[in-house]
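Got the viewer open? Let's take a walk through this one, a selection at a time.

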Amino acid sequence: MRAWQFSKPKTPGFGISSAYYLSVLSSRATLPPIREVVNPKGTGGAVEGFGVPLMAGSDKDDLDRPMERGAYALASKDQKTVLRLMVISKEEAGFDPEAITRSAMAAQLGPEEMARIRATWTLCQLTFESHHPMVAPGLDFLLGVAERLGTLCEGMIADAVSQRYLLPEQVFAKRRPLVKLAIYPEEHVSINFRAREDGIHAYTLGLQKFVFPELEISNLFEGDEEAAALGLLWLAQQMLNGAKVEAGFEVGAPTMPFEISHGGFDKGLWEGTPVFELLPPTTVTSSEAVQAWAKEIERLSG
């Protein structure tokens with residue numbers, strides 16, 4: 001098997017997919033002025049940066065008026081990251097709050113989250129026009145804007161790629177990385193589980209934001225979920241730290257490592273999405289391999 005390969009490029013070796021966006025669901029009929037969301041000094045709790053309306057006829061006074069339907073540009077203070085903010089009504093966006101309440105997603109949401117989703121008036125969609133070459137500062141600017149806008153709007157943040165609805169205080173992970181410019185996977189990647197005839201299926205959603213394959217492990221037992229989540233997030237962190245991960249590589253406990261293989265054979269879930277499947281040695285089960293992996297991660301973490 002090929003060994004791990006780490007490179008130290010001037011950039012992390014990956015970028016941000018053009019398909020990645022966040023939506024802020026505002027439960028307030030009146031939106032805040034753009035200057036309360038971003039301003040050069042970050043006064044009043046705003047994110048440091050610059051914001052301008054892009055609609056014809058706009059002037060500087062619009063910075064202090066409530067935002068309205070239309071497009072806005074938001075730039076980080078160093079101007080290396082530029083976001084496009086589109087403000088549209090929920091009807092124009094085709095967003096039906098009640099459809100969320102009837103979906104399987106509702107089981108993962110609490111009363112406060114459901115109340116805010118039901119109260120949605122307006123959608124504020126954030127996309128990248130450009131981003132910092134090191135990626136992490138650009139992501140922090142995006143998350144900061146989403147958190148600030150969600151707080152001012154008493155709303156929810158919808159991440160379509162990782163299929164999550166977050167309260168503003170949930171946007172940033174409680175434990176941020178100590179490594180400078182590191183990307184913390186829990187802020188961008190969700191771990192999901194499905195019960196199938198062959199056992200529990202664990203998989204990520206969100207790595208495709210960085211044009212990486214998603215990850216999956218099949219044939220797990222009930223009770224393996226915590227260990228599987230720990231392992232998948234650990235591998236996601238290595239990928240976001242710049243580790244080269246390819247089919248044929250091994251990962252996990254040295255005594256029973258998983259082999260990384262091309263997966264994604266469940267077309268109903270993965271149609272059009274690249275996936276790496278983690279396969280255990282033929283002599284052990286996925287359960288045994290993932291439990292050993294979790295213990296190894298805990299040992300290395302001290």
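Start by selecting strand S4, residues 47–53, along with S3: two bridges join them, and the two strands run parallel. Keep in mind as you go that this is a predicted model. Now click on Asn-39 and look across to S4, where Glu-48 stands opposite.

Next, widen the selection to the whole sheet. Eight strands make it up, and if you step across it you should meet them in the order S3-S4-S5-S6-S7-S2-S8-S9. The sheet is open, and its pairing is mixed. Your starting strand, S3 (38–39), is one of the edges, and S9 (164–166) is the other; each of these pairs on one side only. If you wonder what holds such strands side by side, strands of a sheet pair through backbone hydrogen bonds, either parallel or antiparallel.

Now add helix H5, residues 136–152, to the view. Which strands does H5 lie across? The helix crosses S2 (21–26), S3, S4, S5 (70–76), S6 (82–89), S7 (122–130) and S8 (156–159). Compare its direction with that of S7, and you get an angle of about 165°.

**On to helix H4**

Select residues 111–118, which make up H4, and colour its buried residues: Glu-113, Met-114, Arg-116 and Ile-117. Turn the view until you look down the axis of H4: these buried residues fall within an arc of 165°, so they line one face of the helix. What covers them? Among the elements doing so are S2, helix H3 (97–101), H5, S8 and S9.

Stay in H4 and zoom in on Glu-113. Here is a charged side chain that is buried yet has no salt bridge. How far away is the nearest side chain of opposite charge? That is Arg-116, at 7.6 Å; a salt bridge would need a nitrogen within 4 Å of a carboxyl oxygen. Show what surrounds Glu-113 and, leaving aside neighbours within four places in sequence, you will find Met-156, Leu-167 and Gln-170 in contact with it.

**Hunting for salt bridges**

Side chains of opposite charge can pair when their charged atoms come close. Across the whole structure there are 14 salt bridges, and a few make good stops.

Begin with Arg-118, also in helix H4, which reaches Glu-98 in helix H3; the two sit 20 residues apart and link distant parts of the chain. Their side chains meet in a salt bridge of 3.5 Å, N to O. Arg-118 is partly exposed at 46% relative accessibility, and Glu-98 is partly exposed too, at 34%.

Then select Arg-69 and Glu-92, whose side chains meet at 2.8 Å, N to O. This pair also ties together distant parts of the chain: Arg-69 belongs to the loop between S4 and S5, while Glu-92 is in helix H2 (residues 90–93), 23 residues apart. Arg-69 is exposed, with a relative accessible area of 58%, whereas Glu-92 counts as partly exposed at 43%.

For a third stop, pick Asp-59, Asp-62 and Arg-65, which are linked in a network of salt bridges. Within it, Arg-65 pairs with Asp-59, their closest N and O atoms being 3.6 Å apart. Arg-65 is partly exposed at 38% relative accessibility, and Asp-59 is partly exposed at 38% as well.

**A buried proline**

Keep Arg-65 on screen and select Pro-33, in the loop between S2 and helix H1 (34–37). Is Pro-33 buried or exposed? At 12% relative accessibility, Pro-33 counts as buried. Leaving aside neighbours within four places in sequence, Pro-33 is in contact with Leu-63, Asp-64, Arg-65, Pro-66 and Met-67. Draw a line from its C-alpha atom to that of Leu-63: they are 30 residues apart along the chain, but separated by 5.9 Å.

**Last stop: another sheet**

Finally, select the open sheet of six strands, ordered S10-S11-S12-S16-S15-S14, again with mixed pairing. Its edges are S10 (190–196) and S14 (250–251), each pairing on one side only. Inside the sheet, highlight S11 (residues 199–205) and S12 (residues 214–220), which run antiparallel and are joined by three bridges. To see one bridge up close, click on Tyr-203 and find its partner in S12, Glu-216. Then bring in helix H8 (residues 286–301), which packs on this sheet and touches S12, S14, S15 (258–262) and S16 (275–279). The direction of H8 makes about 125° with that of S12.

Definitions and conventions
Residues are numbered from 1 along each chain as its sequence is written. This is a predicted model: local features need pLDDT of at least 70, side-chain atom pairs count only at pLDDT 80 or more; totals for chains, interfaces and linings use all residues. Side-chain values use heavy atoms; hydrogens and water are left out. Two strands pair if DSSP finds at least two bridges between them. Helices (H or I, at least four residues) and strands (E, at least two) are DSSP runs, numbered from the N terminus. Contact means heavy atoms within 4.5 Å. Axes are lines fitted to C-alpha atoms, for helices over the stretch in contact, and angles run from 0 to 180 degrees between N-to-C directions. Buried means under 20% relative accessible area, exposed over 50%, partly exposed in between (1.4 Å probe, protein chains only). The arc is that of the directions from the helix axis to the C-beta atoms. Lys and Arg count as positive and Asp and Glu as negative; His and the chain ends are not counted.
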